[in-house]
Amino acid sequence: SVQIRDLGFEINEIFYRDAGVPTVGLSIIANDEYIAANPDVIARFVAASLKGWDAARNNPDAAAQSLVNTFISGDKEQILKQLQVDLLLLCAPGSTRLGEPPVENWDRTFELLTTYQGLPTDKPITDYFTTEFIPEDGPACP
C-alpha cells in the first residue's frame, strides 16, 4: 500500500484482522532440534528482537535511519512509511505482551494454513509455536 500511495493513488486499506481474519504475521522460526540444543540462544534472540521492535515503535525515525545506516542503501522516508504500517500490526488486538498474540489468532492461522496451504493436520497448532521464550518482563502491548 505504501508504494501504491506513493504513486499518487488514494487507497483504502483493509487489514485481514479487521475483516474477521486475525492471523499471526511476524514470527521467529527455528527447528525443534536447534531449540532443544540452544534454549539460551533462542531466549536471548527473542528478547533482543522484542527489544528492537519496542525501540522501533518508540522511535520510528531512529529505527528507519538505523536501517539506512546498516544497509547503506534505501530511502529513509520509504522505510519509515513501511515501518509505520508494520507498527500498526505489531500488537494484535487482545495481546498483552509484544510477541504474544492471542491463542485465537494462532487457531485461525492454523485453520487457514491447513485448509488452503496443505499444512498437515496430524499435529495440533501448539506443535507449531511456543511462547515460552517471551520474557516475562518483555515489552507490553497497549
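**Exercise 1. Classify Asp61 by its accessibility, then find its salt-bridge partner.**

Solution.
Step 1. The relative accessible area of Asp61 is 39%, so Asp61 counts as partly exposed. The values here come from a predicted model.
Step 2. Partly exposed covers the range between under 20% (buried) and over 50% (exposed).
Step 3. The partner is Lys76: the two side chains form a salt bridge, with 3.0 Å from N to O.
Step 4. This pair links distant parts of the chain. Asp61 sits in helix H4 (residues 60-71) and Lys76 in helix H5 (residues 76-88), 15 residues apart.

**Exercise 2. Describe the salt bridge between Arg97 and Glu136, and state whether each residue is buried or exposed.**

Solution.
Step 1. The closest N and O atoms of Arg97 and Glu136 are 3.9 Å apart. The cut-off for a salt bridge is within 4 Å, so a pair at this distance qualifies.
Step 2. Place the two residues. Arg97 is in the loop between H5 and helix H6 (103-116). Glu136 is in the segment after H6, 39 residues apart from Arg97.
Step 3. Arg97 has 14% relative accessibility, so Arg97 is buried. Glu136 has 70%, so Glu136 is exposed.
Step 4. Extend the pair. Arg97, Glu100 and Glu136 are linked in a salt-bridge network.

**Exercise 3. Analyse the salt bridge of Glu111 and Arg108 within helix H6.**

Solution.
Step 1. The side chains of Glu111 and Arg108 meet at 3.0 Å, N to O.
Step 2. Both residues lie in helix H6, three residues apart, which is about one turn of the helix.
Step 3. Glu111 is partly exposed, at 42% relative accessible area. Arg108 is partly exposed too, at 23%.
Step 4. Set the pair in context: the structure holds nine salt bridges.

**Exercise 4. Locate one charged and one nonpolar surface patch.**

Solution.
Step 1. The patch of negative charge gathers Asp32, Glu33, Asp122 and Asp127.
Step 2. Asp32 belongs to helix H2 (residues 32-37). Its relative accessibility is 58%, so Asp32 is exposed.
Step 3. The nonpolar patch consists of Ile4, Leu7 and Phe9, with about 340 Å² of accessible area together. Phe9 lies in the loop between helix H1 (2-6) and H2.

**Exercise 5. Summarise the whole protein: elements, burial and contacts.**

Solution.
Step 1. Count the elements: six helices and zero strands.
Step 2. Of the 142 residues, 27% count as buried.
Step 3. Take contacts between residues at least 6 apart in sequence: 62% of them join residues at least 24 apart.
Step 4. Turn to charge. The mean positions of the 10 positive and 21 negative charges are 5 Å apart.

Key: Residues are numbered from 1 along each chain as its sequence is written. This is a predicted model: local features need pLDDT of at least 70, side-chain atom pairs count only at pLDDT 80 or more; totals for chains, interfaces and linings use all residues. Side-chain values use heavy atoms; hydrogens and water are left out. Patches are made of residues with over 30% relative accessible area and no salt bridge: like charges are joined within 9 Å, nonpolar side chains (Val, Leu, Ile, Met, Phe, Trp, Tyr) within 5 Å. Accessible areas come from the Shrake-Rupley method with a 1.4 Å probe; for residues, only the protein chains shown count as cover. Lys and Arg count as positive and Asp and Glu as negative; His and the chain ends are not counted. The place of a charge is taken as NZ of Lys, CZ of Arg, CG of Asp or CD of Glu. Helices (H or I, at least four residues) and strands (E, at least two) are DSSP runs, numbered from the N terminus. Buried means under 20% relative accessible area, exposed over 50%, partly exposed in between (1.4 Å probe, protein chains only). Contact means heavy atoms within 4.5 Å.
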